[in-house]
Every structure is written in C-alpha cells, then in structure tokens.
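Student: I would like a close look at a single part of this model, its contact surfaces. Please go through them in one connected answer.

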2 protein chains.
Amino acid sequence: MKKDSTQDRIKEVALILFARKGFEGTSLSEIASGVGIKKPSLYAHYKSKEDLFLGVIHKVSVDYNAFFIKTAEELSDRSPEDQLYYLLHKNTGYLRNDELGLIFKRMMLFPPESLRSDIYAMFEKTEDVMRQVIQSILVQMVREEEWEQVFDAYLCLLDGVFEQVFYYSPEEHKKRLENSWSAFIKGVYSREEK
Amino acid sequence: MKKDSTQDRIKEVALILFARKGFEGTSLSEIASGVGIKKPSLYAHYKSKEDLFLGVIHKVSVDYNAFFIKTAEELSDRSPEDQLYYLLHKNTGYLRNDELGLIFKRMMLFPPESLRSDIYAMFEKTEDVMRQVIQSILVQMVREEEWEQVFDAYLCLLDGVFEQVFYYSPEEHKKRLENSWSAFIKGVYSREEK
DNA sequence: AGGACACTACCTACCGTTCGTTAGTTATTA
DNA sequence: TAATAACTAACGAACGGTAGGTAGTGTCCT
C-alpha cells in the first residue's frame, strides 16, 4: 500500500532530526546514515539541503492542515462548547506526537534565517484554516460584536497550552490544560452581564 | 559607571546573534567581527563556545529574575487585578526588547542538545520566582481552593501572549493581549456563582 | 531475440570552505 | 616584571556539495 520509496524514508528521517536539532544542527551525513545510505546519494533525490528541508516542511504543513479540518468535521455534530474543548485536546495530542509539534513550532518561532519567507508562506495557509474553523464554531455561541474577543482569547489559550506541552509532564500538562480551559469557558459565559 | 569591558561587549554581541540564529547557527567568527576583534581573541575571555554561550544564558536568566521581582515590587500597592494586568504587560514588553525574549524562549523550547541540562538548571530558578510572585498576588483575590486553577490559567495566558509576540505586529498583538486578558479576568470574577 | 542506449540509485573519492580550537608572538598596561 | 589582551598562522575535523563510476532495469530498434 504505502510506497516505501527511499525518497519518503529520507523525509521521515530528516523530519525527526530537523525537529530535534534544527536545520543548522542537523547534517546530511546524519540523515543519510539514518536512512542507511551515503551522503552523496541524497543528491539523487534532493538537489540541496534546503530543498530537502523545504520538502519536509511542506509535508508537515499539508498534514497539519488536513488534520485540523478533519478533526473539526468529526466534531461538527457536538455543541459549540464541546467542539472548542475537543479541538483543544485533539490539537494538543496531535502536535505532541511524532516530532510533528516540535518541528511545527520550531519553524513558526525560529525558522532558519535564509528560509524564513518560504516557511512563513507555507504556514500562512494554516492560519487561514484555523481561523475559518474556529470562526464557524464561535459564531454559534457568542454575539457578533464579541466574536473577535473570544476568538483572540481562544487562540491565546491554544498557543499557551501548546507551548506548555514542552515544559511539563503529560499529567501536569493535562491538569493545566483543564484549568486553563475552565477559566476560558467561564469567561465566555459570564460575558452577558455588564 | 558601566565597565565597558571587552568581555561584556562579547556577551552583548553574542546575545544578539545567539538569539537570532541559535547556538549552532552562530559562528565565533561572526561574534568576533561584531565585537571588532579576531576570532582567536575570544579565547582570551572564554575557554570555549559553550562556555561563552552559558555565560550569556546565565546573564539572561539572572536579569530576567531581577526584572520580574522588581516589577512585582513596583506594583505592590495596586489592586491584585491591576497587578496581574500590569505584570502581563510589563513582562511582554520586557521580553520584546533587546532580543531578550527571543533567546529566552528559544532556550526554553529548543536548547542545543548538549547543553539542555545546564540550561534547564538555570531557568529552574525563574519558574520559582514567577510562581512565588504570582501566588502572592492571587491569594488576595481568589478563594484558596481555586488558587491553583487561576494560577494555571494565568500562566497559560502569559505563555500564550508571549508566544504571539513573535507572530504579530505590535498593534495586532496589543489587541490580542487585551482581548485575552478580558476573557481571563471575566473568568476569574464569574467564579463565585456555581 | 538481442544488442545499444539511457535512466535510476547508489557508490567512492574528493573538492573548497568553514568550523572550533591551539600555539606562539607582540604590544600595552599595572 | 608580570599579566593581559590582542594578533597571525595554522590545525584537524566536519560541513555541503561535486565528479565520476557502476551495477541493475527497462526500452527501443533492428
């Protein structure tokens, strides 16, 4: 089923190494030896280190967009509150796996200088997707003039929770997620008065 | 007053470069030429690249702890709510300046593999300081059994807001900060009723 | 059917450059 | 005089990348 082409194997290995050690911190020799071939053989598949790297990032960005949309669809029959809650959970879980969150966040925050614009271009789509998905949920639960405020707060929650994935143990992190979520949702519902 | 020793100049230049391009992405030649000396001269002041790097990180961590404590003291005569609000603002402002936030976050999230434990050891103190300062404010405004929940939410807010410093323009970011803050504080105050 | 050709995916060997680092020397300063 | 802080020169190692070669595979032309 899955074409296990060398090209894909290279991408898999490179993803892990780039995620853990960054672009400059990863050498082509390492990648090659992880795949089980010699360094120059990489050039049969990618024409430079940057080319390989951008290939990896492109795959990551496409995968993430697909995941986000798919998850939102799966949840679409729940209440808006539940949708936001599970989206937060699923998103965190997804990004915790497979080095995917690691490389995603690394590239958003600290892209290699020379590739910054290419990387940002790839992730622009991602922001769009997230905005649309979250917007479509929020319009069901808050008044229009409050929409933006709640959206910003939810995105901040998403960012904060995600960042903490790196600091804390899974248990500690789950506790913090639940507490942060409680505070968020209380803030949303207390919004009617005053 | 300020001893403008070469040693300090090296640290300043290194801070900026390490912050922007990371440990592996910054070469000693760059640092030297930024200071205006030749690469081998660096070894009159630091015995290795790692030594220099840890020196920089140490300074960053000490400075940040001092800032956090000083800011909290300056605000201590305000209402607890105001203290939290301005702490959020000041913290964001401080970290935005001088590449300080950049290197701080980079090292928390993506430390160079070989120095991970040294770096984490330095920032342990920071977490302690923050916990103490925030705790001393929170006990004045929420019931004891809710303390932990609000603390987690506030820290998540701090993390989320800080991360967004990198993505958005100052204006956009300020808007998002205010919106996220509003949601947070409403959540805190709506906490009395069931 | 069989040979010439081209293509793919790998190899070994090596290129020039840059890296972090050391040695040895000199000029300034205390 | 002794220490300090700079220098020039050079080191070995590793880097990204190239050249050239070689098996294996399929394809086209008689």
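Tutor: A polar contact here is a pair of N or O atoms within 3.5 Å. The model is predicted. With that cut-off, begin at the DNA. A polar backbone atom of A:Thr26 lies 3.5 Å from a phosphate oxygen of DNA strand D. Chain B also offers a backbone atom: a polar one of B:Lys38 is 2.8 Å from a phosphate oxygen of DNA strand D. For A:Lys49 the partner atom belongs to the side chain, where a polar atom is 2.8 Å from a phosphate oxygen of DNA strand D.

A:Lys49 appears again in the wider list of neighbours. There are 15 residues around DNA strand D, and those that come nearest are A:Lys39, A:Tyr43, A:Lys49, B:Ser41 and B:His45. Of the atoms of DNA strand D that come within 4 Å of the protein, 58% belong to sugar and phosphate. By residue class, the surface near DNA strand D has seven polar, five nonpolar and three charged residues.

Now the contact between the two protein chains. Chain A contributes 39 residues and chain B contributes 39 residues. About 3800 Å² is buried between chain A and chain B, and carbon and sulfur atoms give 54% of that area. The polar side of this interface includes ten salt bridges between chain A and chain B. One of the salt bridges joins the side chains of B:Arg176 and A:Asp152, with 3.7 Å from N to O. Between chain A and chain B, 16 residue pairs are in polar contact, counting pairs with both residues at pLDDT 80 or more.

On the side of chain A that touches chain B, the elements giving two or more residues are α5 (100-109), α6 (116-138), α7 (147-167) and α8 (170-189) of chain A. α7(A) gives the most to that side, with 15 residues. The residues on the side of chain A that touches chain B divide into 16 charged, 14 nonpolar and nine polar.

The last point is how the two chains are related. Chain A superposes on chain B with an RMSD of 0.1 Å after a rotation of 180° and a shift of 0.1 Å along the axis. This is the relation of a two-fold axis. Both copies use the same surface, since 100% of the contact residues of chain A recur in chain B.

Technical notes. Residues numbered from 1 in each chain as written. Chains lettered and ligands numbered in written order. Predicted model: local features only at pLDDT ≥ 70, side-chain atom pairs only at ≥ 80, totals over all residues. Heavy atoms only, no water. Near = heavy atom within 4 Å. Polar contact = N/O pair within 3.5 Å; in protein donor to acceptor, adjacent residues only side chain to side chain. Nonpolar A, V, L, I, M, F, W, Y, C, P; charged D, E, K, R; others polar. Contact = heavy atoms within 4.5 Å. Buried area = accessible area lost by both parts, 1.4 Å probe. Salt bridge = Lys/Arg side-chain N within 4 Å of Asp/Glu carboxyl O. Helix = DSSP H or I, 4+ residues; strand = E, 2+ residues; numbered from the N terminus. Least-squares fit on C-alpha atoms with pLDDT ≥ 70 in both.
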